[in-house]
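This report concerns one residue and the strands around it. The sequence and structure are shown first.

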Amino acid sequence: MDRDTAVVEPWGLDGDRRWLIVDEDGLGLSQHQHRELVTMRAVSRSGRLTLDAPGLPTLELAEPTDGEATEVQVYRQRPPAPVRAADPEAGA
């Protein structure tokens, strides 16, 4: 998303890299390995994420703010990062 201004928080730009698709082993997926992700449209709004992909229903997700954190591998060469899972509907 193009922006004229941005808020910088202690952990990075506001809204940047707050969501991640992971596989069943907790490894982050990227468009480099999964070209079909290029067709997905993600729109982030305050506390929500909307996902659209061809042939699939629109998915509205609330930002996970509670619940137990789990660790996922965002990058293969870096240590795991703590995250909270989105609604179970997202995993389906």
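Strands β4 and β5 form a hairpin with six residues between them, and Gly-55 in the turn has a positive phi of about 80°. The model is predicted: local features need pLDDT of at least 70 and side-chain atom pairs pLDDT 80 or more, whereas totals for chains, interfaces and linings use all residues. Residues are numbered from 1 along each chain as its sequence is written, and side-chain values use heavy atoms, with hydrogens and water left out.

Strands are DSSP runs of E with at least two residues, numbered from the N terminus. The hairpin strands run antiparallel and are joined by four bridges; two strands pair if DSSP finds at least two bridges between them. Two positions of β4 and the residues across from them in β5 are listed below.

| Residue in β4 | Residue across in β5 |
|---|---|
| Leu-49 | Leu-61 (bridge partner) |
| Thr-50 | Glu-60 (opposite) |

Thr-50 lies in β4, residues 48–52. With a relative accessible area of 7%, Thr-50 is buried (under 20% relative accessible area, 1.4 Å probe, protein chains only). Its side chain makes a polar contact of 3.0 Å with that of Glu-60; such a contact is a pair of N or O atoms within 3.5 Å, one able to donate a hydrogen and the other to accept it, and residues adjacent in sequence count only if both atoms are side-chain atoms.

Along β5 (residues 59–62), Leu-59 and Leu-61 point to one face and are buried, while Glu-60 and Ala-62 point to the other and are not.

Terms used:
Buried < 20%, exposed > 50% of the residue type's maximum accessible area, 1.4 Å probe, protein only.
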